[in-house]
Amino acid sequence: MVYFMCPPTYAIVDEYNLAAPVEHLAAIGLFDKEFCVLAVSLEGKVFILTRGKVSTAGYLQADCVGVAVVKDLFYLACMDQSIITCTKEGVLSGMFRQPAPIMAIEAVIIPEKHFTGYAVSLGNNEVRVYRGFELVSVVETDSPACCLRFGGFGLDSGCLVMLTTAGTFDVRILRRNAQLPASAITKPGIHARAVALQRHTKVFRDTVSREARDSKEIFRVFQNDLARLRTLAHHTMHERTRQNLNPTSEAAHLKLHCQIKGMRPTFKAIITLTNTHASLTMHEPIFIVLSTAHMSHSIEFPAFEIVDLHPAGAAERFTLIRCKDEQQSSCASSELTVLVCKGTEVVVVTKIELPCR
């Protein structure tokens with residue numbers, strides 16, 4: 001189902017039953033009298049929704065990655081490295097392919113540059129900017145960008161914000177004096193020399209005056225926003241690492257911590273089990289079982305039994321892990337799996353990389 005709601009009360013004014021789960025939605029003229037909404041289902045079926053009417057535009061040959069709205073056209077990015085255009089009338093046309101798998105797509109609209117296009121993130125560490133089917137620019141990244149957003153960032157406009165698969169934020173800001181290719185200008189008959197005449201407008205003079213007056217404040221706000229994003233990314237990575245190293249079972253009120261010390265061929269594993277309950281003493285026996293994925297390591301004590309774990313108390317056990325073939329300079333790395341069981345139920349599991357180097 002697709003529902004249309006009207007602000008500010010967000011009452012449902014219309015609904016459409018497409019008989020298929022919708023994966024992507026995009027709209028042209030949503031707040032106009034004559035609007036057009038494109039919906040792509042999980043099965044690759046493309047629908048065009050207008051006022052009181054539903055029509056089928058066709059089927060996609062591959063799953064849809066994303067949709068960008070540029071002027072009066074929908075640009076559909078697909079998993080078979082193709083980009084397909086769709087008109088408001090529901091006509092699929094204009095397919096062209098990319099040199100690598102498509103990760104994301106985002107509309108790029110710069111009114112002051114008279115530029116309307118879209119950015120496509122590819123799996124070969126490139127972000128390509130197009131106007132229609134014409135390549136305008138290529139942005140190189142350290143790793144593939146899985147999410148793109150274009151717009152204002154802080155006090156700057158024309159910012160392309162990218163989130164990469166490595167978990168980093170990459171922000172690219174369009175320079176105010178950047179000259180786009182003449183072929184990328186949407187208005188016919190306008191050349192690069194005509195764009196330079198915009199320097200004499202009141203908007204340009206006000207912008208230059210504001211930057212000269214508040215340049216330090218603008219730079220400070222931008223650096224604060226950038227530092228806030230970096231801090232958030234570091235906190236998120238630290239929290240995920242902490243959760244992986246200290247898995248907690250809320251139902252069983254147990255927290256497990258495992259640490260590996262030493263160098264090859266012998267390691268020492270220190271396992272700490274904590275009762276997180278404030279008043280409950282665990283009289284039921286709790287078993288800790290250790291195992292490795294490969295037979296290249298031997299564990300001195302592969303299992304432990306813990307009884308009478310008091311509230312907020314912790315039990316610590318350790319065992320030695322040896323590489324069986326000590327003559328080799330190195331052997332294949334293995335994962336140490338630690339299970340915490342209450343009876344026959346496994347309540348906490350953690351895995352730690354165990355290199356033998």
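# Notebook: salt bridges, sheets and loops

**R128 and E126.** I started at R128, which is buried, with a relative accessible area of 18%. I keep in mind that this is a predicted model. I then asked what the side chain of R128 meets. It meets the side chain of E126 in a salt bridge, 3.1 Å from N to O. I looked up E126 as well: it is buried, at 15% relative accessible area. Both values fall under the 20% cut-off for buried, so this salt bridge joins two buried residues.

**Salt bridges overall.** I searched the whole structure next, and seven salt bridges came up. The general point is simple: side chains of opposite charge can pair when their charged atoms come close. I followed up two further pairs.

**R97 and D80.** R97 forms a salt bridge with D80. Their closest N and O atoms are 3.8 Å apart. Where do R97 and D80 sit in the chain? R97 is in strand 10 (residues 92–97), and D80 is in the loop between strand 8 and strand 9. The two are 17 residues apart, so I noted a link between distant parts of the chain. D80 counts as partly exposed, at 25% relative accessibility.

**D225 and R228.** I found a salt bridge between the side chains of D225 and R228, at 2.9 Å from N to O. Both residues belong to helix 2 (residues 202–245). They are three residues apart there, which means a separation of about one helical turn. Are D225 and R228 buried or exposed? D225 counts as buried at 19% relative accessibility, whereas R228 is exposed at 54%.

**Chain totals.** I stepped back to the whole chain. The protein chain has two helices and 26 strands. It holds 357 residues, and 37% of them count as buried. I checked contacts between residues at least 6 apart in sequence: 43% of these join residues at least 24 apart. The exposed area comes to about 20800 Å². Carbon and sulfur atoms supply 55% of that area.

**Nonpolar patch.** I looked for nonpolar surface and noted a patch of about 570 Å². Which residues make this patch? They are M1, Y3, M5, Y10 and I12. I12 lies in strand 2 (residues 11–16). I looked up I12 by itself: it is exposed, with a relative accessible area of 51%.

**Sheet 11-12-13-14.** I traced an open sheet of four strands, in the order 11-12-13-14, with antiparallel pairing. Which strands stand at the edges? Strand 11 (102–110) and strand 14 (134–140) do. Each has a single partner strand, so one side of each is left without a neighbour in the sheet. Neighbouring strands here are turned by 25 degrees against each other on average, direction ignored. I then counted bridges at one edge. Strand 11 and strand 12 (residues 115–122) run antiparallel and are joined by eight bridges. I110 has F115 in strand 12 as its bridge partner.

**Hairpin 19-20.** I moved on to strand 19 (residues 254–261) and strand 20 (residues 266–275). They run antiparallel, joined by eight bridges. I260 stands opposite A269 in strand 20. The two strands form a hairpin, with four residues between them. In the turn I noted G262, with a positive phi of about 105 degrees.

**T272.** I picked T272 in strand 20. It counts as buried, at 17% relative accessibility. What does T272 touch, leaving aside neighbours within four places in sequence? I listed K255, L256, H257, A314, A315 and E316.

**Positive phi outside glycine.** I checked two loop residues. K71 is not a glycine, yet its phi is positive, at about 55 degrees. It is found in the loop between strand 7 (64–70) and strand 8 (73–78). K71 is exposed, with a relative accessible area of 59%. Q81 is another residue other than glycine with a positive phi, near 70 degrees. The loop between strand 8 and strand 9 (82–87) holds Q81. Q81 is partly exposed, at 26% relative accessible area. I had already met this loop: D80, the salt-bridge partner of R97, is in it too.

Notes. Residues numbered from 1 in each chain as written. Predicted model: local features only at pLDDT ≥ 70, side-chain atom pairs only at ≥ 80, totals over all residues. Heavy atoms only, no water. Buried < 20%, exposed > 50% of the residue type's maximum accessible area, 1.4 Å probe, protein only. Pairing = 2+ DSSP bridges. Axes fitted to C-alpha atoms, helices over the stretch in contact; angles between N-to-C directions. Contact = heavy atoms within 4.5 Å. Areas by Shrake-Rupley, 256 points an atom, 1.4 Å probe, with all protein chains shown as cover. Patch = residues over 30% accessible without salt bridge, like charges linked within 9 Å, V, L, I, M, F, W, Y side chains within 5 Å. Salt bridge = Lys/Arg side-chain N within 4 Å of Asp/Glu carboxyl O.
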